[in-house]
Amino acid sequence: MEDASGMLLTGGDGQRFRFDAGTLCLEFLLSGAVEPWELLREPADLAAWAPLTRLGIEGPVTVGPGDLTAARRLRAAIWRLAVRSAGAEGVPGVPAPIEDPPADRALGRDAAGGTEDDLRVLNAAASAPPPVPVIGAGRERGWAYPVTGSQFLSAVARDAIDLFSGPRAGRVRMCAGVNCHLIFLDTSRPGARRWCSMSRCGNRQKLRTRRS
Ligand SMILES: [Zn+2]
């Protein structure tokens, strides 16, 4: 079912495919955790990107001047924690995250790449109020608008805290495809999901196996 939900992505070769990251904080990495995929270049980009996520934001998002930097810092922290959870920190070719401002975090981190700093970044973002849920006249669920950038980042950070502090952290995977660094939460029952998408890396592997 993973091809029926998630975000529509375009690969470096132009192929369009659906990718389900499985949870909000890993979905957030798709905003450009690594080069050359950066989609958050100015504050308006964050406001435009937030409604694409599984949060279901259908109204306006207002973004303040500090939100872009906060977003990229939070995203970099989630990337490192996710790479580590996926056991991919030693895998050759795994890119370093885009960070803004550039890394001045040489101090205080351990060699494996999961850092106290990253946890602090999560905690700081989560300490802001999250989006406020509302119920409409037709019993439909929505959010109080506008959703602010800091509310959105708080929702992402809270999801990350849930993920990395619990048993689901063991289900964080990096796609097994060659040069594919998409990270997802394996929500399948057997926990055997290997690919970002069957129609992308799953298919390539099938072709490769058939050829050899
Ligand atoms: Zn893949």
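Which backbone oxygen lies 3.0 Å from a polar atom of the side chain of T53? In this predicted model, the partner is the backbone oxygen of A50. T53 sits in the loop between α2 (residues 43-49) and β3 (residues 61-62). Although T53 is a loop residue, its relative accessibility is 6%. T53 therefore counts as buried, since the limit for that class is under 20%. Leaving aside neighbours within four places in sequence, T53 is in contact with M7, L24, E27 and F152.

The last of these contacts leads to the nonpolar core. F152 touches T53 and A50, the two residues joined by the contact described above. F152 also touches F28, L46, W49, L55, I57, P131 and V147. Residues up to four places away in sequence are not counted in this list. The largest nonpolar core has 57 residues. F152 is one of the residues with the most contacts inside this core. The others named with F152 are L26, F28, L74 and I78. Helix α3 gives the most to the core, with 9 residues.

Helix α4 comes next. This helix spans residues 116-126. At its start, a side-chain oxygen of T115 reaches to within 3.3 Å of the backbone nitrogen of D117. D117 is itself one of the buried residues of α4. The others are D118, V121, L122, A125 and A126. An α-helix has 3.6 residues a turn, so residues three or four places apart point the same way. The buried residues of α4 are covered by elements that include α3 (residues 67-85) and α5 (residues 149-165).

L122 shows this covering in detail. It is found in helix α4. Its relative accessible area is 3%, so L122 is buried. Setting aside residues up to four places away in sequence, L122 touches L74, A77, I78 and L81. L122 also touches A157, A160, I161 and F164. Two of these partners, L74 and I78, are among the residues with the most contacts inside the largest nonpolar core. A wider view is given by R72, which is 50 residues from L122 along the chain. The C-alpha atoms of L122 and R72 are separated by 12 Å.

The model also has an open space to describe. The largest pocket has a volume of about 700 Å³. It is lined by 31 residues. Closest to the centre of the pocket are L9, T10, L30, W37 and L182. Three elements give two or more residues to the lining: β1 (residues 7-10), β2 (residues 16-19) and α6 (residues 198-211). The largest share, 4 residues, comes from β1. What kinds of residue form the lining? The lining divides into 21 nonpolar, 6 polar and 4 charged residues.

Several loops have backbone features worth noting. The peptide bond from E35 to P36 is cis, with omega near 5 degrees. P36 is found in the loop between α1 (residues 24-27) and α2. The peptide bond from Y145 to P146 is also cis, with omega near -5 degrees. P146 has its place in the loop between β5 (residues 141-143) and β6 (residues 147-148).

Positive phi values appear at two residues that are not glycine, R139 and N179. For R139, phi is about 65 degrees. R139 lies in the loop between β4 (residues 133-135) and β5. For N179, phi is near 60 degrees. N179 is found in the loop between β7 (residues 172-174) and β8 (residues 183-185). Are these residues buried or exposed? R139 is exposed, with a relative accessible area of 67%. N179 also counts as exposed, at 67% relative accessibility.

The loop between β4 and β5 holds A137 as well. At 80% relative accessibility, A137 counts as exposed, because the class begins over 50%. A137 and D45 are 92 residues apart along the chain. Their C-alpha atoms are separated by 32 Å.

Terms used: Residues are numbered from 1 along each chain as its sequence is written. This is a predicted model: local features need pLDDT of at least 70, side-chain atom pairs count only at pLDDT 80 or more; totals for chains, interfaces and linings use all residues. Side-chain values use heavy atoms; hydrogens and water are left out. On a 1 Å grid over the protein atoms alone, a cavity is a set of points where a 1.4 Å probe fits but cannot get out, and a pocket is an open set with protein on both sides within 12 Å along at least five of seven lines; lining residues have an atom within 4 Å of a point. Grid points are joined across faces, edges and corners, and a volume is the space filled by probe spheres set on the points. Ala, Val, Leu, Ile, Met, Phe, Trp, Tyr, Cys and Pro count as nonpolar, Asp, Glu, Lys and Arg as charged, and the others, Gly among them, as polar. Buried means under 20% relative accessible area, exposed over 50%, partly exposed in between (1.4 Å probe, protein chains only). Contact means heavy atoms within 4.5 Å. A polar contact is a pair of N or O atoms within 3.5 Å; within protein, one must be able to donate a hydrogen and the other to accept it, and residues adjacent in sequence count only if both atoms are side-chain atoms. A nonpolar core is a set of buried Ala, Val, Leu, Ile, Met, Phe, Trp, Tyr and Cys residues joined through side-chain atoms within 4.5 Å.
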